[in-house]
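Subject: Structure for you to look at

Hi,

Here's the structure I said I'd pass on. Have a look at it first, and then read my notes below.

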Amino acid sequence: MTVEPLDRSVDRRAFLARAAALAVASAAGAAVVAPQMAAASGPLFGSLAAGNKNKPLDHPNAYAQPRPEAVADPTELTIAEAAWLIRANKLTPEQLVEAYLARISTYDGIYQAFNLVLADAAVVAARDAAREPRRGALHGIPLVVKDNYYTEGVRTTGNSFLFKDFVPPYDATAVARLKASGAVVLGKTQMGPLATTRATTPAGVITTVNAWTPTNRNTDPGGSSTGTATAVAGRMATSGIGTQTGGSITAPSNAQNLTGLKPTMGRVSAAGIIPLTYTRDHPGPLARDAKDAAIMLTAMAGEDPADPRSQGLPDVPDLIDAATPVYQKNRVKLRWNTRIGVLPGFTNGTSATALARQAYLAQLAAIPGVTLVDVSLPAEWSQLTGSVFNNVRLAERSEPFMPYLRTDLRGFGVSLTSWLQGALLGGNEFLTGQRAKLLLMERVLNDLFDACDVVVQTDPVPFDILGLPEIAFPIGFSAAGVPIGTILGGLPYGEDRLLSVVAAYQATTDWHLRRPADPPAGARTLGAPAEAPRLTAEQVAELTQ
């Protein structure tokens with residue numbers, strides 16, 4: 001029997017009420033504090049890591065027999081493929097970790113994806129994994145962590161002057177759950193300063209490059225989870241985790257040919273992550289395909305007593321099954337019949353992106369179970385999703401940082417402007433913005449999703465405002481060889497539906513299997529900071545997530 005995905009039975013009014021309560025919690029002063037104030041509170045997570053052992057990561061569909069071309073180079077393997085080899089005793093965690101460390105040593109001087117490489121600790125963890133009982137598909141799998149996630153005993157800087165020496169006494173919940181599932185942390189990755197833009201130094205000097213054009217710093221690598229995306233795309237990690245407040249998972253995934261999943265607000269605990277916006281911070285994976293994203297999210301998701309946003313939600317569905325293609329008479333079909341909403345003008349034009357979108361929709365339409373439907377944007381969409389209402393998030397950004405804003409503005413570096421804007425935002429503006437958000441939510445849930453089950457996206461911000469899930473994935477390349485991606489958005493807790501659509505699409509295409517060429521021999525590194533391009537405070541204010 002095929003079970004309908006969760007989004008069919010979600011009470012949309014209940015989600016709307018939850019969003020209203022979250023807005024109230026934010027206005028009332030939720031328990032969000034900046035890192036150095038939180039450090040004294042000690043570990044918050046208790047037995048979370050132990051409880052995570054019951055996660056369904058030893059799922060039969062979490063293992064995939066490797067492609068022949070991937071066996072020769074372990075860094076080419078997906079998580080599911082590497083897990084299959086480790087389970088079959090054809091590859092050890094230490095061999096896999098050493099292969100990635102070799103690439104990091106050879107190429108990260110050019111990519112600059114890492115803020116900190118934990119080589120010795122990763123090798124020790126890999127050797128320990130070889131001696132321990134297997135815990136599922138992530139056992140012995142090397143991952144990377146964005147540098148705004150707390151990591152016990154390891155610097156967590158948020159790529160900022162403020163926290164350059166901050167060493168957390170515990171792991172973020174998401175990190176603890178990944179490690180409890182057997183994952184090996186290779187290092188912390190570069191990011192936009194305090195998760196605002198593409199990766200730069202706190203002073204705005206551009207660092208991390210797009211793995212597809214490593215000698216051209218002008219190609220946008222996406223932000224703010226830049227380093228995670230470049231590390232995975234450049235085959236310096238199997239997968240990694242980032243955060244999204246305004247496109248920070250989907251943008252770098254689209255820019256670097258990855259599959260990035262931003263789950264529903266609260267699906268993954270944000271406890272132990274340097275805060276940006278309480279009602280919009282979404283932790284999630286950046287992976288090579290839908291199956292790997294499902295494995296990662298399965299490990300990360302679930303209720304956490306340290307984060308009220310994660311409590312009282314529907315159970316996490318079988319994401320790994322959802323991301324496993326279904327075949328009928330050797331032909332891929334959708335696991336669930338799905339209406340895919342297409343926005344006006346989505347395929348207009350003759351640009352490389354427009355042509356890729358046209359081909360993408362044609363490919364989807366050929367998959368049994370897909371129905372493409374034209375949908376209209378809800379009334380007053382531009383106003384409700386525009387900068388005036390979107391900027392109400394900035395007050396949530398400033399509130400936990402007020403002690404720093406009162407003492408030394410220099411600590412914020414090039415990203416200072418948005419913190420000042422938030423501190424100066426009036427209470428009436430904030431409350432009006434929250435009402436606008438609830439109106440937007442009601443119109444999206446009741447009007448837009450009345451006609452479809454998932455919808456194409458051209459901008460991640462509206463669904464970031466609402467806390468709805470999105471998945472980014474590749475659909476082609478430009479003439480210059482730069483990846484072209486797209487985004488699908490779904491109903492609350494509908495990650496399984498999104499994964500099922502992308503898994504079927506990826507079973508019929510090979511965009512997600514393409515990897516960038518290694519940087520050319522003798523390629524120049526980024527050089528001294530004085531030689532590198534710099535984002536100004538004005539540019540950062542314009543680009544900030």
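Which helices and strands each supply at least two residues of the lining of the largest pocket? Before I get to that, please keep in mind that this is a predicted model. The list runs α10 (250-255), α13 (352-365), α15 (387-390), α16 (393-398), β13 (483-490) and α22 (537-543). Of these, β13 gives the most, with five residues.

The pocket itself

You'll probably want the numbers on this one. The volume of the largest pocket comes out at about 780 Å³, and 33 residues line it. If you're looking for a place to centre a box, D220, G246, A251, P460 and Q545 are the lining residues that lie nearest the pocket's centre. Sorted by class, the lining has 17 polar, 10 nonpolar and six charged residues.

The sheet

Next, the strands. There's an open sheet made by 11 of them, with mixed pairing, and the order is β1-β3-β2-β4-β6-β5-β12-β13-β11-β9-β10. At the edges sit β1 (114-117) and β10 (370-374), each of which pairs on one side only. Going from one strand to the next, the twist averages 30°.

At the β10 end, the partner is β9 (residues 338-342), and these two strands are parallel, with five bridges between them. If you want a pair to check on screen, T338 has V370 in β10 as its bridge partner.

Two helices are worth a look against the sheet. Helix α6 (residues 93-111) packs on it and touches β1, β2 (142-146) and β3 (184-189), with a direction about 20° from that of β3. Then there's α13, which lies across β9, β10, β11 (454-457), β12 (470-477) and β13 and runs at about 55° to β13. You've met α13 already, as it also supplies at least two residues to the pocket lining.

β12 and its neighbours

How many residues of β12 are buried? Seven of its eight are, so to speak, under cover. On one side β12 is joined to β5 (residues 259-262) by three bridges, in the antiparallel sense, and G260 stands opposite A472 there. β12 is also antiparallel to β13, this time over seven bridges, with F473 finding its bridge partner in T486 of β13. The hairpin of β12 and β13 has five residues between the strands, and G481 in that hairpin takes a positive phi near 85°.

Two more spots

Helix α9 (residues 226-233) is mostly covered, with eight of its eight residues buried. Among them are T226, G227, T228 and V232. Just after α9 comes R235, which has a positive phi of about 60°.

Last one: is V540 buried or exposed? V540 belongs to helix α22, and V540 counts as buried because its relative accessible area is 4%, where the cut-off is under 20%. Leaving aside residues up to four places away in sequence, V540 touches T196, T197, V414, S415 and L535. The S415 contact spans a fair stretch of chain: V540 and S415 are 125 residues apart in sequence, yet their C-alpha atoms are 6.2 Å apart in space.

That's what I have for now. Shout if something looks odd on your side.

Cheers

Terms used. Residues are numbered from 1 along each chain as its sequence is written. This is a predicted model: local features need pLDDT of at least 70, side-chain atom pairs count only at pLDDT 80 or more; totals for chains, interfaces and linings use all residues. Side-chain values use heavy atoms; hydrogens and water are left out. On a 1 Å grid over the protein atoms alone, a cavity is a set of points where a 1.4 Å probe fits but cannot get out, and a pocket is an open set with protein on both sides within 12 Å along at least five of seven lines; lining residues have an atom within 4 Å of a point. Grid points are joined across faces, edges and corners, and a volume is the space filled by probe spheres set on the points. Helices (H or I, at least four residues) and strands (E, at least two) are DSSP runs, numbered from the N terminus. Ala, Val, Leu, Ile, Met, Phe, Trp, Tyr, Cys and Pro count as nonpolar, Asp, Glu, Lys and Arg as charged, and the others, Gly among them, as polar. Two strands pair if DSSP finds at least two bridges between them. Axes are lines fitted to C-alpha atoms, for helices over the stretch in contact, and angles run from 0 to 180 degrees between N-to-C directions. Contact means heavy atoms within 4.5 Å. Buried means under 20% relative accessible area, exposed over 50%, partly exposed in between (1.4 Å probe, protein chains only).
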